[in-house]
Amino acid sequence: MMGKVLIIVGVLLILAGLFITYGGHSWLGKLPGDFNIERKNFRLYFPLATSVLLSVIISILLYLYQKFSR
């Protein structure tokens with residue numbers, strides 16, 4: 001059971017990586033709420049909105065997986 005989950009997660013990560021690399025324009029990381037501060041000798045990028053969005057999506061997927069795997 002756990003092996004199947006790891007295989008599915010791995011395939012999803014590979015597909016997501018291919019989509020981000022070759023998918024053209026990506027909105028991921030450029031959402032309102034992603035902070036980008038640039039100063040003379042300092043650069044800070046904090047993707048707050050992207051992190052929250054990915055967390056919600058992953059939580060929903062895990063909930064659905066748990067609900068339908070029983």
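This report looks at a strand hairpin and a nonpolar surface patch in a predicted model.

## The hairpin

Start with the two strands. β1 and β2 make a hairpin, and 4 residues sit between them. The pair runs antiparallel, joined by 5 bridges. If you want one pairing to look at, take Asn 36, whose bridge partner in β2 is Tyr 45.

## Pro 47 and Phe 35

Pro 47 belongs to strand β2, which covers residues 43-47. Over in strand β1 you'll find Phe 35. These two are 12 residues apart along the chain, yet their C-alpha atoms are separated by 6.1 Å.

How exposed are they? Pro 47 has a relative accessible area of 25%, so it counts as partly exposed: buried would mean under 20%, and exposed over 50%. Phe 35 lands in the partly exposed class too, because its relative accessibility is 44%.

## The nonpolar patch

Phe 35 also turns up in a nonpolar patch on the surface. Its companions there are Ile 37, Phe 42, Leu 44, Phe 46, Leu 48, Val 52, Val 56, Ile 60, Tyr 63, Leu 64 and Phe 68, and together the patch residues have about 1,100 Å² of accessible area. Elements giving two or more residues to the patch are β1 (34-38), β2 and α2 (48-68). Of these, α2 gives the most, with 7 residues.

One bit of background helps when you look at the strands: side chains in a regular strand alternate between the two faces of the sheet.

Methods: Residues numbered from 1 in each chain as written. Predicted model: local features only at pLDDT ≥ 70, side-chain atom pairs only at ≥ 80, totals over all residues. Heavy atoms only, no water. Buried < 20%, exposed > 50% of the residue type's maximum accessible area, 1.4 Å probe, protein only. Patch = residues over 30% accessible without salt bridge, like charges linked within 9 Å, V, L, I, M, F, W, Y side chains within 5 Å. Areas by Shrake-Rupley, 256 points an atom, 1.4 Å probe, with all protein chains shown as cover. Salt bridge = Lys/Arg side-chain N within 4 Å of Asp/Glu carboxyl O. Pairing = 2+ DSSP bridges.
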